[in-house]
Structure formats: structure tokens, C-alpha cells
Amino acid sequence: MTTEILSSSELNKVAPVFGQASFDEHEQIVFCNDKDTGLKAIIGIHNTILGPALGGTRMWQYASEWEALNDVLRLSRGMTFKSAITSLNLGGGKAVIIGNSKTQKTPELMRKFGEFVHSLSGKYITAEDVGMETADMDTVREVTPYVTGISESNGGAGNPSPITAYGVFMGMKAAAKFRYGSDLLEDKIVLVQGVGHVGEALVEHLTNEGAHVIIADISEERLEKVSNKYGASIFRGENLFSQKIDIYAPCAMGATINDDTIYNIQASIIAGAANNQLAEENKHGKILQDRGIIYAPDFLINAGGIINVYAELEHYNKQEIMRKTENIYNTTLEILERAQQNNVTTNHAAVNIAKERIAQRKAEKLNTL
């Protein structure tokens, strides 16, 4: 099974769906279109062996439909491993809506999307992601019960971003423990790329621990707000990746660790909230390993969000949400130690643990037939 991911410019060289490396044995892909609302969406269901596929909906102005398809396939695949490695009885799925969330998102569009989700009869459960708010999930809930991340006033677990950030913070501290012998981040220089809901919450944790935080974002408004609130320095240079820092925390879109950036990275640890940070898992994971850079697998340390919304399905409380999220620290240390012992990349070690759990559940199901 290949884990290499093709760029959108290469997709026309292979079969449109099944031939993509990012397809990776997906169970189902649903293309959603509605002329009246302008909805164009794709739902990817990667694997449901452990349970229904749960994953957020991302609304983004993709450059092409190929780019949107590749993104949803990579994201839904990552959700499979995220749920498996955190011992949740969930499969992996994700959805993308093609469009500008600030100008094209309407209640009618969200309800229509909810109808498509409902048509899958619970095989896919949606949630909040980039370009979405808790209020949008409340709107989706008007037409389907197969949605999580709804507001606390409506009986949900609320905005998952603070919990996601806390999990990333735990994973980062574990990586620091592995690298430096101490998990204290005081005086460490941390560059947070992307200060949206999750990135800002991570900046707060880092600031409270005494880290020196540098922030970068495409939104000048967000930069000014977060800088003024937490005293973080704003990056104004030309080459973000060549900065001499201790920890790089990518918290925006994925694939920032790629052929153009990987040899410029000066950090000794990479630990952030973004999904699919490695443009090519095998290739770039190995380069990081060879360069001695500790990579905390993204689908592990950003799992706090799915732990939070899973509470709505399993009905556990905030204390249990925090306990499960704190355990990301222990799992991260386990992954880093296993990778070192077996001389494999940290991403490889994490994926293997996730696949082991899926294979075990599959075997159990076969034995009951």
C-alpha cells in the first residue's frame, strides 16, 4: 500500500480517482452538487472498520476540483489513523466544500450539505473544520443527526479548537521531553504558523509556560490581534523556514514540509496542528529523520478535536475529554521511542500502530462471522 501523495498537477496523468495515490483504498467517495444553493462538495469515507467515519467539513476556495479531491482524500485517510491511534471506535472520513467561506457560505448551503450527509445514513458523521464554525454545525443539525461539534447550548461539546490546541501542546511537550530531557518549554523559541482558532489557543498555552513565541499568518488582522493579546512577536522576514528556532508549529494548511522547505528548516522539533504536514510522507519523513529533526505525527497530536466531538456520541464529560487529550503526551513518547528503537520515521511508527489496531478489529469481525 503506497502512502506517497501526488500533487494536483500530476493527477491528470493517472486515473481520476482510483489511480490516485491518495485514494489509498477509500471505501466511498460522494460528490455533492446543488445548483440552487451553489453547493459543490466532496465527502471521502476512507475506512469504517472501527466505526462510522467521523471527520470535519472544510470550506476552502480550492484552485481546482483536482486539488479539492486530493485534499479530501488525504484528510479522510488521516482521520482513519487519528481515530485508531487514539483508541476511538471511529473510522476515517472528511468533507470539503469548494468555495469562499466568508462570501459563499449560507444557511441554505449548509442545510443542503446536511441533506447529503443524512443520505449516508450515519456511515459518515461530520464536524467543524477550516472555514466552519460551531453555528454552522448547528445549522447542519437541523436536517441530520449525523453531526458533532454543535454548540453546548444545543447539547454538544462546543468548539473543538481549544481541545485540539491542548493536545498539540501535550504532544509538543512530549517531543521536548524526548529531545531535551525536559518537557518544560520555558525560554524555547516556538514559531506558530497560522493563528486561527487552534493556533491562537496554542499561543496562549505556550505564552503561559514562558516560551518565546513567534507568529506568522496570511491575515494581518489576526497577527495584530494575537500579538497584542499575548505579546507574541510577528514574523516579518522573507524565509520563515530558515529561522533559527527550537520548535516549528505548523497550524494552517498542510504540506508545508516539502521539497522547497525541508532543507531550510532549522528547528529541532516539528509539532503542530495542521493536517498532512508532510507533502510526501515517506520521502520527507525520512529526510527529517536523517537531519535529526523530531517530527510529532500530526494526526496524533492534533487528535484533541476528535476526542472532543466523540464525547457527543459516547456521552462522556469534560473531565474525560481532558484526560483522553492529556494522554496524547504518553502516546507521543511511545511513538518517538518506538521509531528510535526500530530505526523508522516517527510517521511510519505512528501509522503502523494505527494499522495494527484496525487489522485486529478486522480479524475480530471475521472471527464472529
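**Close-up views of a predicted model**

**View 1. Helix H3 is largely enclosed by the rest of the structure.** Of the 8 residues in this helix, which covers residues 134-141, 6 are buried, so its surroundings largely enclose it. This view, like those that follow, comes from a predicted model. To find the buried residues of H3, look for Thr134, Asp136, Met137, Asp138, Thr139 and Val140. And what do they pack against? The partner of these buried residues is helix H2, residues 107-118. If you would like a long-range reference point, take the C-alpha atom of Asp136 and that of Gly231: they lie 31 Å from each other, with the two residues 95 apart along the chain. Gly231 returns in View 3.

**View 2. An open sheet is built from 6 strands with parallel pairing.** Reading across the sheet, you will meet the strands in the order S9-S8-S7-S10-S11-S12. Which strands sit at the edges? Strand S9 (233-234) and strand S12 (294-295) do, each pairing on one side only. Two loops are worth a pause here. The loop that links H4 to strand S7 (189-193) contains Asp187, a residue that is not a glycine and yet has a positive phi of about 70°. Between strand S10 (247-250) and strand S11 (269-270), the loop holds Ala255. Ala255 is likewise no glycine, and its phi is positive, at about 60°. With a relative accessibility of 24%, Ala255 counts as partly exposed.

**View 3. Strands S8 and S9 pair in the parallel sense, and helix H6 lies across them.** The pairing of S9 with strand S8 (residues 212-216) rests on 2 bridges. To locate one end of a bridge, start at Ile214 and step over to Ser233 in S9, its bridge partner. Helix H6, made of residues 220-230, lies across both strands and runs at about 165° to S8. By the cut-off of over 145 degrees, that angle counts as roughly antiparallel. Follow the chain from H6 towards S9 and you come to Gly231, in the loop between the two. Is Gly231 buried or exposed? Its relative accessible area is 62%, so it counts as exposed.

**View 4. Strands S1 and S2 form a hairpin.** Strand S1 (residues 28-34) and strand S2 (residues 39-47) run antiparallel, joined by 7 bridges. Asn33 has Lys40 of S2 standing opposite. The two strands have 4 residues between them, and in this turn Gly38 shows a positive phi of about 80°. Another glycine to pick out is Gly44, which belongs to strand S2. With 0% relative accessibility, Gly44 counts as buried. Beyond neighbours within four places in sequence, the contacts of Gly44 are His26, Gln28, Val72, Ser76, Gly92, Gly93 and Lys94. Gly55 comes 11 residues from Gly44 in sequence, and their C-alpha atoms are 9.3 Å apart in space.

**View 5. Ser83 is a buried residue of helix H1.** Helix H1 takes in residues 65-85, and Ser83 is placed within it. The relative accessible area of Ser83 is 0%, so this residue counts as buried. What does Ser83 touch? Not counting residues up to four places away in sequence, its contacts are Leu88, Leu90, Gly91, Ile306 and Arg357.

**View 6. Helices H10 and H11 are roughly parallel to each other.** Helix H10 (residues 318-326) packs with helix H11 (residues 328-342) at an angle of about 15°, and the axes are 4 Å apart. The pair is therefore described as roughly parallel. Where do they meet? On the H10 side the residues are Lys324, Thr325 and Glu326, and on the H11 side Ile328, Tyr329 and Asn330. This contact is a mix of 2 nonpolar, 2 polar and 2 charged residues.

**View 7. Helices H4 and H10 meet in a right-handed crossing.** The axes of H10 and helix H4 (residues 161-180) cross at roughly 35° and come within 9 Å. From H4, the contact uses Ile163, Tyr166, Gly167 and Met170, while H10 supplies Ile321, Met322, Thr325 and Glu326. Sorted by type, these residues are 5 nonpolar, 2 polar and 1 charged.

Conventions:
Residues are numbered from 1 along each chain as its sequence is written. This is a predicted model: local features need pLDDT of at least 70, side-chain atom pairs count only at pLDDT 80 or more; totals for chains, interfaces and linings use all residues. Side-chain values use heavy atoms; hydrogens and water are left out. Two strands pair if DSSP finds at least two bridges between them. Contact means heavy atoms within 4.5 Å. Axes are lines fitted to C-alpha atoms, for helices over the stretch in contact, and angles run from 0 to 180 degrees between N-to-C directions. Buried means under 20% relative accessible area, exposed over 50%, partly exposed in between (1.4 Å probe, protein chains only). Angles under 35 degrees count as roughly parallel, over 145 as roughly antiparallel, 65 to 115 as roughly perpendicular and the rest as oblique. Ala, Val, Leu, Ile, Met, Phe, Trp, Tyr, Cys and Pro count as nonpolar, Asp, Glu, Lys and Arg as charged, and the others, Gly among them, as polar. A crossing is left-handed if the near helix is turned anticlockwise from the far one by less than a right angle, and right-handed if clockwise.
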